[in-house]
Amino acid sequence: MIKIDQLTFAYRKQSALYNQLTLDIQGGSIVGLLGKNGAGKTTLLKLIAGLLQTQDKGSIETLGFKPGCRNPELLRDIFFIPEEFELPSVSMKDFVSAIRGFYPGFDTKKMDRILLDFELDPGRKLNKLSYGQKKKFLIAVTLSCGSKLLILDEPTNGLDIPSKAVFRKVISGALTEDQLVLISTHQVKDIETIIDKVIIVDQGTIILNHSIYDITEKFSFKSVTDPDKYQPLYQEAVPGGYKIVTPRNGEETDLDIEILFNAATKGINFD
Ligand code: ADP
């Protein structure tokens, strides 16, 4: 669905942020794009959506199109929620009436259900909503638009704790099999239970790109008091003991995405 080959990208008058980046992402999954602030997540998402133009060094293909050409056939199959956005002073209903013509697969019933889950009244005007409420509205629109590629840049920023739980519930229940959701976040815990795949970027490099299944097949994540006994690949002191990662020997454990992230960004190789 997304094919990036040897792509080099630099902002004007700056050294390359991405150097010969190669990345292949298939549909039918929820992918967590993780990285510290400034790692290059938003830039990568904008390149994929065609909101940034590439500079002829390498190639990028999104759903079979060059995204920078902004072909209308591609645009109706992408929905992008940026981290910062402006919304007009119309009601949620009127906003949806205005945009649904661009999205032939728009499912109004699905949207109404998600708005209900988020406790949002579709009659309310968008400019009267808080930032978190606006974000929830945009998440509802994204999940209902029927596009194949949904891109959510830091979607849980500004959501309160109950809304984060609703976000996880609606996203897990609202997708069709061929959709790809790319979620970027530096709040890694927010998406731990919903992603199928994790990509970690650090200083413009992809340092990890695996399915959750592959990671938990090969590695164990444990809380222990005596880490030396386990010869961990990585350990981190936490109140009451340590969190560790070891090669898996024995039963599968749940992924601890925070420990995975910390270990990967400190150089531990999960290949
Ligand atoms: P992230 O989303 O992981 O926080 P970004 O992709 O926003 O990271 O930024 C990656 C790097 O590119 C940062 O060093 C940032 O300062 C720089 N950057 C982002 N946008 C621009 C821009 N429009 N012009 C110049 N530099 C930028």
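**Notes on a two-domain model and its ligand**

1. A good place to start is the pair Lys189 and Asp256, whose side chains meet in a salt bridge, with 3.6 Å from N to O. Please keep in mind as you look that this is a predicted model. The distance qualifies because a salt bridge needs the side-chain nitrogen of Lys or Arg within 4 Å of a carboxyl oxygen of Asp or Glu.

2. Where do the domains begin and end? The domain assignment of the protein chain places domain 1 at 2-203 and domain 2 at 213-265. Lys189 therefore falls in domain 1 and Asp256 in domain 2. Across the interface of these two domains, the rule finds one salt bridge.

3. Now step back to the two domains as units. Their centres, taken over C-alpha atoms, are 30 Å apart. Domain 1 brings 10 residues to the contact, and domain 2 brings nine residues.

4. How much area do domain 1 and domain 2 bury between them? The value is about 890 Å², with 77% of it on carbon and sulfur atoms. On the domain 1 side, the residues that lose the most area to domain 2 are Val188, Glu192 and Ile200, which together make up 47% of what that side buries. As for polar contacts, the count between the domains is one residue pair, both at pLDDT 80 or more.

5. Next, have a look at the ligand. Among the residues that surround it are Tyr11, Gln14 and Leu17, along with Lys36, Gly38, Lys41 and Thr42. By class, this shell has three nonpolar, six polar and two charged residues.

6. Which atoms of Gln14, Gly38 and Thr42 should you look for here? In Gln14, an N or O atom of the side chain is 3.2 Å from a nitrogen atom of the ligand. Gly38 uses a polar backbone atom, 2.6 Å from a ligand oxygen atom. For Thr42, a polar side-chain atom lies 2.8 Å from an oxygen atom of the ligand. Taken alone, the ligand exposes 560 Å², and the protein buries 58% of that.

Conventions. Residues are numbered from 1 along each chain as its sequence is written. This is a predicted model: local features need pLDDT of at least 70, side-chain atom pairs count only at pLDDT 80 or more; totals for chains, interfaces and linings use all residues. Side-chain values use heavy atoms; hydrogens and water are left out. A residue is near a molecule or strand if one of its heavy atoms lies within 4 Å of it. A polar contact is a pair of N or O atoms within 3.5 Å; within protein, one must be able to donate a hydrogen and the other to accept it, and residues adjacent in sequence count only if both atoms are side-chain atoms. Accessible areas come from the Shrake-Rupley method with a 1.4 Å probe; for residues, only the protein chains shown count as cover. Ala, Val, Leu, Ile, Met, Phe, Trp, Tyr, Cys and Pro count as nonpolar, Asp, Glu, Lys and Arg as charged, and the others, Gly among them, as polar. Contact means heavy atoms within 4.5 Å. Buried area is the accessible area (1.4 Å probe) that two parts lose on being put together, summed over both.
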